[in-house]
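Reader: Before accepting the labels attached to a model, I would like to see each one argued from its value. Could you take me through them one by one?

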Amino acid sequence: SFPIGSAIRGYFYGVDGKIVLPASKNVDYSYSNSSSGSILELPTMSSNSSVVVNNEKAQVSIRSVEKESMASESNVEPSSSGKDSVDLKNNATLEKRTELPKLPSRATEKKADMSGFPSSNTSESNSVDSGCDLYNGKWFYDPRGPSYTNNSCPIITQMQNCQGNGRPDKEYENWRWKPSKCDLPRFDAKKFLELMRGKTLAFIGDSVARNQMESMLCLLWQASIYTLKLPVSWLNPLFHIEQFLGFEILEQWYVREWIVEVPQNRGNKRMQRWHFVSTSVMIVRLWSSWLVRETTEKIDFAPEGVTKLHLDAPDDKLMEFIPNFDVIVISSGHWFAKQSVYVLNNEIVGGQLWWPNGSPPMKVNNVDAFGISVGTILSAILTHPNYTGLTIVRSFSPDHYEGGAWNTGGSCTGKEKPLAIGELVENGFTNIMHEKQVSGFERAVKKATNKSKLRLMDITEVFSYRHDGHPGPYRNPDPNKITKRGPDGKPPPQDCLHWCMPGPIDTWNELVLEIIRREFEGNRNSSS
């Protein structure tokens, strides 16, 4: 009920100085730890409370003064952040904040009845079973809702801000994925940042990869840092007089501070980079539409200006950065529906939406081209002499255009909950794209020569049930936009490919965290 999100957004849009929230008589902060990260509850505000936007430290501080026993608290001052670093591998040179013990909640919290769905506090033995198939299970309704809202995360692309664009229903935000033989915990931002301390995670791909990267940042935005300041009484001259007189002081006033860490945007046009200073974690996004080399020069009978895809060569623009990444989440596929010419061994072998009359028969169509490209880029990563990281291949993301394609009247309007078992209608294009992608993955595994790891995050069938998770006609905040079918029955233009935020796409990053946890914690256990 208070504009915390707007205060954070103010940092990015150049708002400087102090923002004081509306004051009331009492203040009662609740600090709790949950599986989705630390939660700061602000039921009321007092005149002693303020939200301070600090552009130098890139963080939003929420301060309050409250009475605590001196004996129960330790005085810790967080270290200041280090200077900006351009080199991805130099993140570790930044100073880290002092870690503090978790503090008990000072307010009674209302909790929903969890008997009807899996607990987020999953036992270690249940959630970490490396033999559990994460992609065989079902969707269940979780009344706790998402870990963030469209108002608490300031970086959501407007087209994916479904609530901000007027979508009237919200239940699509509450459905979570439950594997059959284990639990998939809610995203734990602090857990992620600790596992990735000093490391860099890169999302590589098209606009759906950007969609996932923004989801990750929104989930990480919820990780607050708790610090303690010196007791105010130390600054009070009367305190020293009282000590001299021998008065026994049983309680002192302390300043507690919650810091909502705002990642520093250090990106440019080539690469988006978000840095979490407290753990020196870098989240990166690299755009690559097809993941293979792209040129526009004339080749044989393909004129200049038409996009040529060299299916046997990886995208040079991203390969130079590969050694700088510790974890890569890579994906592609949807751009193979766009106009392009396919080249193998410098020979034109096919094309999409381009093939002149009188040309020789095509040898490679767009689906085959996608499969070849997957094998090419993954082989290049697995044979790179300087890459030793973890690569997660996010499988083909299904769209849900019904009654046509995106440009021929396809629609997903009015879908408010996932499909039930037995309701799924097979999509032939999605199935064959998934099949080609898996084939490319398997070919690449056989060519691996370096010490890196490759994992398939197979979300295609799981998300085929989530026709409710797309923006549909709610692609912009225009209050006069058309959201209903016209008199002729034609639906308005809509997006049934990208995913609402918050929404089902957040599950992708819960899966990413689980894959990282299995790899990183497994390595620690095996080495101890």
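Reader: Where does Asn 345 lie, and what makes it count as exposed?

Author: In this predicted model, Asn 345 sits in the loop between E17 and E18. Its relative accessibility is 66%, and the label exposed requires a value over 50%, so Asn 345 counts as exposed. The phi of Asn 345 is near 55°, which is a positive value in a residue other than glycine. Most residues other than glycine have a negative phi.

Reader: Which residue in the loop between E14 and E15 has a positive phi, and is that residue buried or exposed?

Author: That residue is Asp 300, found in the loop between E14 and E15, with a phi near 50° although it is not a glycine. Its relative accessibility of 55% lies on the exposed side of the cut-off, which is over 50%, and Asp 300 therefore counts as exposed.

Reader: How do you know that E17 and E18 pair, and what makes E14 and E18 edge strands?

Author: Pairing asks for at least two bridges between two strands, and strand E17 (residues 340-344) shares five bridges with E18, in the antiparallel sense. One of these partnerships sets Val 343 against Ile 348 in E18. The open sheet to which they belong has four strands in the order E14-E15-E17-E18, with mixed pairing. Strand E14 (292-295) and strand E18 (347-352) each have a single partner strand, so one side of each is left without a neighbour in the sheet, and this places them at its edges. On average, neighbouring strands of this sheet are turned by 35° against each other, direction ignored. Helix H7 (residues 366-382) packs on the sheet and touches E14, strand E15 (308-314), E17 and E18, its direction making about 35° with that of E15.

Reader: Why is strand E12 called largely enclosed, and which strands does it pair with?

Author: Five of the six residues of strand E12 (residues 271-276) are buried, so the strand is largely enclosed by the rest of the structure. Strand E11 (residues 264-265) pairs with E12 in the antiparallel sense over two bridges, a count that meets the requirement of at least two. E12 also pairs with strand E13 (residues 281-287), again antiparallel, over six bridges. A hairpin of five linking residues joins E11 to E12, whereas the hairpin of E12 and E13 has four residues between the strands, with Ser 280 in the turn showing a positive phi of about 55°.

Reader: What makes the contact of His 434 with Asp 458 a polar contact?

Author: The side chains of His 434 and Asp 458 are joined at 2.7 Å, and the limit for such a pair of N or O atoms is within 3.5 Å, so the distance qualifies. His 434 itself lies in helix H8 (residues 428-447), and, leaving aside neighbours within four places in sequence, it is in contact with Ser 395, Asp 458 and Thr 460.

Reader: How do you know that Cys 132 and Cys 182 form a disulfide, and why is it called left-handed?

Author: Their sulfur atoms are 2.0 Å apart, and a disulfide is assigned to a pair within 2.5 Å, so the pair qualifies. The torsion about the S-S bond is about -70°, so the disulfide is left-handed. The pair links distant parts of the chain, 50 residues apart, and both Cys 132 and Cys 182 are buried.

Reader: What makes Cys 162 and Cys 500 count as buried, and what links them?

Author: Cys 162 has a relative accessible area of 0%, and Cys 500 likewise has 0%; buried means under 20%, so both count as buried. A disulfide with an S to S distance of 2.0 Å joins them, and with -90° about the S-S bond this link is left-handed. A further disulfide is formed by Cys 412 and Cys 496, whose sulfur atoms are 2.2 Å apart, a value still within the 2.5 Å limit. Both of these cysteines are buried, and by this rule the count comes to four disulfides.

Terms used. Residues numbered from 1 in each chain as written. Predicted model: local features only at pLDDT ≥ 70, side-chain atom pairs only at ≥ 80, totals over all residues. Heavy atoms only, no water. Axes fitted to C-alpha atoms, helices over the stretch in contact; angles between N-to-C directions. Contact = heavy atoms within 4.5 Å. Polar contact = N/O pair within 3.5 Å; in protein donor to acceptor, adjacent residues only side chain to side chain. Buried < 20%, exposed > 50% of the residue type's maximum accessible area, 1.4 Å probe, protein only.
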